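Please open the structure in your viewer and keep a selection box at hand. We will go from stop to stop, with something to pick at each one.

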Amino acid sequence: MKHEKWQNKCGRFVALRFKKLEYRQIYGYVKKWFPFGVYTCLVIFLWSPYKTISDPYCTVIESSDGELLGAGIASDGQWRFRERENLPDTYIQSTVVFEDKRFYRHQGIDFIAILRALNRNIGSGKATEGASTISMQVVRLMRKGKKRTFKEKIIETLYALKLETQFSKREILALYASNAPFGSNVVGIDAASWRYFGRNAADLSWCEAATLAVLPNAPSLIHPGKNRETLKNKRNELLNRLHEKKIINDEMLTVSKIEHLPDKPLPMPRLSPHLLDKISYSYRGKRIKTTISRQLQQSVSNLTESYVKTYKANLVHNAAVIVAEIESGNVLAYAGNVIEGNSQHGGSVDMITAPRSSGSILKPFLYAAMLDDGAMLPDALVPDIPLHIAGFSPHNFSRSFDGAVPASEALTRSLNVPAVKMLAEYNVEKFHRLLKDLGMTTITKPAGHYGLSLILGGAEATLWDVAGMYADMARTVNNFGKNSGRYSSLDRKKLNYIMDSSHGKTEKNGFSRSGIINAAAIWQTLEALSELNRPEEESSWKMFSSGRKIAWKTGTSYGNRDAWAVGVTPDYLVGVWVGNASGEGRPLLTGVGYAAPLMFDVWNLLPRSKEWFRQPFDEMTKIATCRESGRRAGEHCENIDSIWVNEAGLSTGVCPYHRLIFLDRDEKYRVNSSCCPVHEMLSRKWFVLPPAQEWYFKQRHLSYRPLPPADPRCTDDEHSPMQMIYPGNGISIVAARQFDGKKGKIVFQAAHNKNNSTIYWHIDEQYIGSTTSNHQIACLPESGNHVLTIVDDEGHSLITVFTVD
């Protein structure tokens with residue numbers, strides 16, 4: 001009831017109002033306000049946001065100079081690149097002459113063309129000619145699937161006006177050129193240029209531009225590969241019109257008409273397919289300008305393919321190379337793998353980002369960290385003898401030992417045993433934290449999981465991370481003084497491969513954490529790595545020489561599964577990995593034999609650095625060192641060198657190997673006051689290594705002088721001529737099982753500083769045998785605790801306690 005009452009009141013009000021108005025007055029109101037209403041609606045329509053074409057686009061990557069590196073087809077199966085404003089002048093003029101010659105003089109509607117089309121269509125009695133402008137064609141592309149009716153033409157006209165209101169002529173041309181059909185599944189001028197002519201649109205000739213200008217007019221009828229005569233006639237007709245308008249001269253017209261039409265569509269460039277896949281993951285459908293140098297990328301890819309073809313003789317099928325600038329971190333070449341003919345062997349796997357066993361490639365970071373900590377000096381002697389730590393027994397590649405070796409030489413020769421000794425001294429957990437701070441993202445387990453094997457490939461690494469870490473080392477020395485020789489979290493860049501197109505600079509896509517190694521320690525490390533006379537992996541070592549100084553390191557993982565090589569100069573970094581994506585190891589697959597040759601050939605593609613890393617004197621000090629031990633010179637050291645070291649090196653200990661000894665008059669025996677008058681003693685300074693180190697050291701260093709024997713008449717000789725190599729005191733031993741399931745014997749080993757000495761072996765006071773010269777003996781004690789006693793023929797003895805599990 002209330003509702004009906006309200007309706008009655010409204011009806012009476014309206015009726016009373018209209019009774020007071022005459023028809024002339026109503027007409028006046030309409031005449032006055034109708035144009036305003038129409039104008040208001042038109043303004044709202046024209047200035048409301050224009051809905052542009054929303055078709056899916058290809059992911060496109062370009063080189064630093066705008067050349068195409070690769071493209072992935074759009075999700076709808078079309079080759080369609082995202083629009084660009086900078087269209088080539090040849091295509092712009094060809095398209096405007098062919099499609100819409102008054103394009104720059106109308107606002108979306110060409111009334112002259114409409115009148116001409118009406119006249120011709122009425123004269124012929126059917127629709128033979130249209131009057132669509134380029135703006136109308138853009139609208140038609142947006143409203144795809146609509147039938148060509150008079151009503152649709154009106155709608156296209158209105159939207160063309162709207163388009164002209166909101167976009168410039170250049171933007172409208174870009175929309176048309178990027179979305180016009182060019183036959184088959186090719187859409188847009190950029191995709192068509194590459195598919196039909198194999199080049200950038202900016203490099204199109206007049207003939208090629210004219211060919212592409214006529215294709216959208218009838219892409220299903222006129223198509224390269226069929227109806228070629230029709231296509232050629234249309235192209236030549238357009239060239240004639242361009243000549244008539246004096247856009248091209250007589251010579252250009254003649255040359256253009258001679259050019260052949262394209263054959264079937266060409267494949268898109270695939271210079272860096274793995275980088276394309278990497279970018280597509282985060283930037284699907286975008287056109288991305290990268291930091292890659294197209295020419296260098298092509299050369300590196302060809303070089304990598306060439307090497308892999310050779311390596312396939314040893315069933316090695318995969319390789320990856322990365323090249324980067326040091327200062328900017330820009331990646332100049334990204335060859336993630338070899339794809340051609342490699343589909344059966346993991347060619348599609350990006351080996352730059354694939355985690356692999358690191359081998360020896362991390363050793364320089366331990367060396368630099370110990371220098372930075374003041375734990376050692378660059379050439380300090382490090383033990384290189386058989387090592388057994390909690391069941392872990394590392395070996396050098398050559399299966400031989402040096403006894404003692406300078407730390408820098410151990411690094412350049414990539415000796416495993418000294419590296420493990422150094423890590424044990426430095427602390428595994430501390431090194432584990434350092435690697436994570438330096439940007440190694442693949443270390444996801446606690447330090448205890450890796451143990452001492454962390455320095456020998458116990459952890460996985462990616463070529464991307466390793467390259468970034470080496471680049472950071474080089475950049476630290478380059479930029480010394482800008483931040484007190486260390487990088488804050490805002491200074492230390494990661495490698496990057498995307499160019500920020502809005503500023504022409506590289507995109508800052510992440511930073512490493514705060515660095516903890518100073519420039520002086522890194523400079524000393526790079527100096528050591530620049531030595532060429534190495535490495536340990538093969539006796540027939542060929543001197544690699546690219547005519548330039550390079551700090552480089554190789555690595556080989558356990559089982560010959562991964563071969564690494566990384567090199568840096570003040571300007572560039574080159575990183576190489578070689579192996580099988582499947583993880584299969586192959587004989588002879590080493591960093592030196594496989595990765596290093598490829599790396600040095602890549603270096604030959606790069607400009608030479610003008611200067612080497614500058615020595616950071618402000619962080620260094622000059623000290624006196626012992627030439628034989630590499631330690632700080634002690635009072636008994638005779639050969640003294642003066643070297644620059646990291647300031648932390650001042651805290652290292654003095655040489656422990658030089659000692660003052662007393663000899664008899666004939667200098668044959670060591671004596672003391674218990675057996676020789678003091679006035680008859682001769683004092684001498686002597687370089688003395690521990691027995692185990694001495695045993696191996698003197699075999700490689702013929703100039704080494706063993707300590708003279710003690711005079712038998714003397715007592716209280718403090719120097720023991722023997723040292724137990726295995727087992728260490730207090731360790732637990734697990735006897736290995738043989739093929740028949742029985743426990744194998746345990747090999748005990750000792751060293752004596754006399755070549756022909758005899759050692760007598762006892763376990764739990766039970767005699768088990770004797771050895772001469774080579775002091776190794778095998779037996780199998782029962783499970784439990786045991787006491788091993790060795791006695792030499794001069795009565796010197798050593799006791800070791802061990803347990804057999």
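What follows is a tour of a predicted model, from the whole chain down to single residues.

**The whole chain**

Begin with everything displayed as a cartoon. The protein chain has 22 helices and 28 strands. Of its 805 residues, 51% are buried. Turn on the surface if you like: the accessible area of the protein chain is about 39,600 Å², and carbon and sulfur atoms account for 52% of that. Contacts also reach far along the sequence: among those between residues at least 6 apart, 66% join residues at least 24 apart.

**The largest nonpolar core**

Now select Ile322, Phe365, Phe431, Leu435, Tyr470, Val568 and Leu573, the residues with the most contacts inside the largest nonpolar core, which has 90 residues. Add helix H19, residues 463–478: this helix gives the most to that core, with 10 residues. Another core lies apart from it, with 48 residues that include Leu175, Tyr176, Leu212 and Leu238.

Go back to Leu435 and show its neighbours. Leaving out residues up to four places away in sequence, Leu435 touches Leu362, Phe365, Met440, Ile443, Leu454 and Met469.

**Helix H17 and its cover**

Select residues 428–437, which make up helix H17. Which of its residues are buried? They are Val428, Phe431, His432, Leu434, Leu435 and Asp437. Their cover includes helix H14 (363–373), helix H16 (416–426), helix H18 (447–450) and H19.

Both ends of H17 are worth a look. Asn427 caps the N-terminal end, with a side-chain oxygen 2.9 Å from the backbone nitrogen of Glu429. After the helix comes Gly439, which has a positive phi near 110°.

**Helix H8, an enclosed helix**

Next, pick residues 189–197. Why can helix H8 be called largely enclosed by the rest of the structure? Because 9 of its 9 residues are buried, the cut-off for that being under 20% relative accessible area. Trp194, Arg195, Tyr196 and Phe197 are among these buried residues. Just past H8, Gly198 has a positive phi of about 65°.

Stay in the helix and show the side chain of Asp190 together with that of Arg287. The two form a salt bridge, at 2.7 Å from N to O. Asp190 belongs to helix H8 and Arg287 to strand S5 (residues 287–289), so to speak two distant parts of the chain, 97 residues apart. Asp190 counts as buried, at 6% relative accessibility.

**More salt bridges**

The structure holds 18 salt bridges. For another one, select Glu527 and Lys549, whose closest N and O atoms are 3.6 Å apart. Glu527 is in helix H20 (residues 519–529), while Lys549 is in the loop between H20 and strand S14 (551–556). Glu527 is partly exposed at 23% relative accessible area, and Lys549 is partly exposed at 40%.

Then move to Glu667 and Arg684, where the salt bridge spans 2.6 Å from N to O. Glu667 sits in the loop between strand S19 (658–663) and strand S20 (682–687), and Arg684 sits in strand S20, so the pair ties together parts 17 residues apart in sequence. To see a network of salt bridges, select Asp402, Glu409, Arg413 and Arg700.

**Out to the surface**

Select Phe150, Ile154 and Leu158, which make a nonpolar surface patch of about 320 Å². Ile154 lies in helix H6 (residues 150–166) and is partly exposed, with a relative accessible area of 42%.

Now find the loop between helix H10 (228–244) and helix H11 (250–258), where Lys245 is located. Measure from Lys245 to Val97: the C-alpha atoms are 9.0 Å apart, although the residues are separated by 148 places in sequence. Lys246 is found in this loop between H10 and H11 too. Is Lys246 buried or exposed? Lys246 counts as exposed, at 74% relative accessibility. Its phi is near 60°, a positive value in a residue other than glycine.

**Two last backbone stops**

Ser414, in the loop between helix H15 (407–412) and H16, also has a positive phi, near 55°. Ser414 is buried, with a relative accessible area of 6%.

Finish at Tyr726 and Pro727, which are joined by a cis peptide bond with omega of about 10°. Pro727 is in the loop between strand S21 (722–726) and strand S22 (732–733).

Key. Residues are numbered from 1 along each chain as its sequence is written. This is a predicted model: local features need pLDDT of at least 70, side-chain atom pairs count only at pLDDT 80 or more; totals for chains, interfaces and linings use all residues. Side-chain values use heavy atoms; hydrogens and water are left out. Buried means under 20% relative accessible area, exposed over 50%, partly exposed in between (1.4 Å probe, protein chains only). Helices (H or I, at least four residues) and strands (E, at least two) are DSSP runs, numbered from the N terminus. Patches are made of residues with over 30% relative accessible area and no salt bridge: like charges are joined within 9 Å, nonpolar side chains (Val, Leu, Ile, Met, Phe, Trp, Tyr) within 5 Å. Accessible areas come from the Shrake-Rupley method with a 1.4 Å probe; for residues, only the protein chains shown count as cover. A salt bridge is a side-chain nitrogen of Lys or Arg within 4 Å of a carboxyl oxygen of Asp or Glu. A nonpolar core is a set of buried Ala, Val, Leu, Ile, Met, Phe, Trp, Tyr and Cys residues joined through side-chain atoms within 4.5 Å. Contact means heavy atoms within 4.5 Å. A polar contact is a pair of N or O atoms within 3.5 Å; within protein, one must be able to donate a hydrogen and the other to accept it, and residues adjacent in sequence count only if both atoms are side-chain atoms.
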